[in-house]
Amino acid sequence: MDRLALYFAIFKQIKSLPPVLQADLTGKVVLVTGANTGLGFEAAKHFARMNPQRLILACRSDEKGNQAVRRIERDTGYTKAETWLLDLNRFASVQAFADRYEKEGGGRLDILVENAAISSAQTYEKTEDGYMKTSVH
Ligand SMILES: NC(=O)c1ccc[n+]([C@@H]2O[C@H](COP(=O)([O-])OP(=O)(O)OC[C@H]3O[C@@H](n4cnc5c(N)ncnc54)[C@H](OP(=O)(O)O)[C@@H]3O)[C@@H](O)[C@H]2O)c1
């Protein structure tokens, strides 16, 4: 994309924001990773306003996840958000999350937002499983 096209693409997005879509998510199960802050939190809050049957915030800290649950309750009145622990830097955590989902997920997942990560790492680091980290800490 040349520079002019890039400026045009950015300008177009600033000038005319797309409409915020709403739907009835009654009976649906929604899972957002990295939902305690940033875009993930805003996405989770958006879904909360559409009243899903379950809204699972997959976070690597119980404390941060529970704070997000309380903020969602306060901002939207939705009281069914749950924190589930998930650290994507560790396969063991991913496996434990998947095992838990199999047992407690109720056999369905309607919307998955795989948001957790950072845009670019400053330095090359490996996870304990030997893969390049795409998140800090
Ligand atoms: N913001 C932008 O302009 C932009 C642009 C392009 C792409 N993105 C992408 O959009 C996503 C969210 O961006 P953001 O700006 O909202 O980022 P953010 O505010 O830094 O939030 C990132 C979220 O991901 C979680 N996370 C990071 N590593 C994790 C791991 N190993 N396991 C589990 N959770 C992990 C963080 O948890 P902790 O709070 O525990 O760290 C946090 O909840 C990222 O994937 C980013 O690359 C963002």
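This passage walks through the fold, the aromatic residues, one pocket and two buried residues of a predicted model.

A good place to begin is the overall layout. The protein chain has 137 residues, of which 30% count as buried. Its secondary structure comes to 4 helices and 4 strands, and from the N terminus on these elements follow the order α-β-α-β-α-β-α-β. Taken along the principal axes, the C-alpha atoms fill a box of roughly 50 × 40 × 25 Å. Contacts across the sequence are part of the picture too: among those between residues at least 6 apart in sequence, 67% join residues at least 24 apart.

Next come the aromatic residues. In general, a pair of aromatic rings is described by two values, the distance of the centres and the angle of the planes. The model contains 4 aromatic pairs. One of these pairs is formed by tryptophan 84 and tyrosine 101, with ring centres 5.5 Å apart and planes at 55°. An angle over 60 degrees would count as edge-to-face and one under 30 degrees as stacked, so at 55° this pair is tilted. Tryptophan 84 belongs to strand E3, which covers residues 81–85, whereas tyrosine 101 belongs to helix H4, which covers residues 91–104. The pair therefore ties together parts that are 17 residues apart in sequence. Both tryptophan 84 and tyrosine 101 are buried. Together with Phe97, these two residues make up one aromatic cluster.

Tryptophan 84 also has a charged partner. The charged end of arginine 100 sits over the ring of tryptophan 84, at 3.8 Å from the ring centre. A similar arrangement involves arginine 71, whose charged end sits over the ring of phenylalanine 41, 3.9 Å from its centre.

Two members of the aromatic cluster, Phe97 and Tyr101, appear again in the lining of the second largest pocket. This pocket holds about 180 Å³ of space. Besides Phe97 and Tyr101, the lining includes Leu31, Thr33, Leu86, Leu88, Val94, Leu109, Leu112 and Glu114. Strand E1 (29–33) and H4 are the elements that give two or more residues to this lining. H4 gives the most, with 3 residues. Sorted by class, the lining has 8 nonpolar residues, 1 polar and 1 charged.

Cysteine 59 offers a view of another part of the chain. This residue lies in strand E2, residues 54–59. With a relative accessibility of 1%, cysteine 59 counts as buried, because the cut-off for buried is under 20%. Setting aside residues up to four places away in sequence, cysteine 59 touches Ala35, Asn36, Gly65, Trp84, Leu85 and Leu86. Among these contacts, Trp84 is a member of the aromatic cluster, and Leu86 is one of the residues lining the second largest pocket. Between cysteine 59 and alanine 43 there are 14 Å in space, C-alpha to C-alpha, and the two residues are 16 apart in sequence.

The last stop is threonine 127, in the segment after strand E4 (111–113). Its relative accessibility is 11%, so threonine 127 counts as buried. Leaving aside neighbours within four places in sequence, threonine 127 is in contact with Asn89, Met132 and Lys133.

How values were computed
Residues numbered from 1 in each chain as written. Predicted model: local features only at pLDDT ≥ 70, side-chain atom pairs only at ≥ 80, totals over all residues. Heavy atoms only, no water. Phe/Tyr/Trp six-rings, centres within 6.5 Å; stacked < 30°, edge-to-face > 60°. Buried < 20%, exposed > 50% of the residue type's maximum accessible area, 1.4 Å probe, protein only. Lys NZ or Arg CZ within 6 Å of the ring centre and 35° of its normal. Contact = heavy atoms within 4.5 Å. 1 Å grid on protein atoms, 1.4 Å probe; cavity = no way out; pocket = protein on both sides within 12 Å on 5 of 7 lines; lining within 4 Å. Points joined across faces, edges and corners; volume = space filled by probe spheres on them. Nonpolar A, V, L, I, M, F, W, Y, C, P; charged D, E, K, R; others polar.
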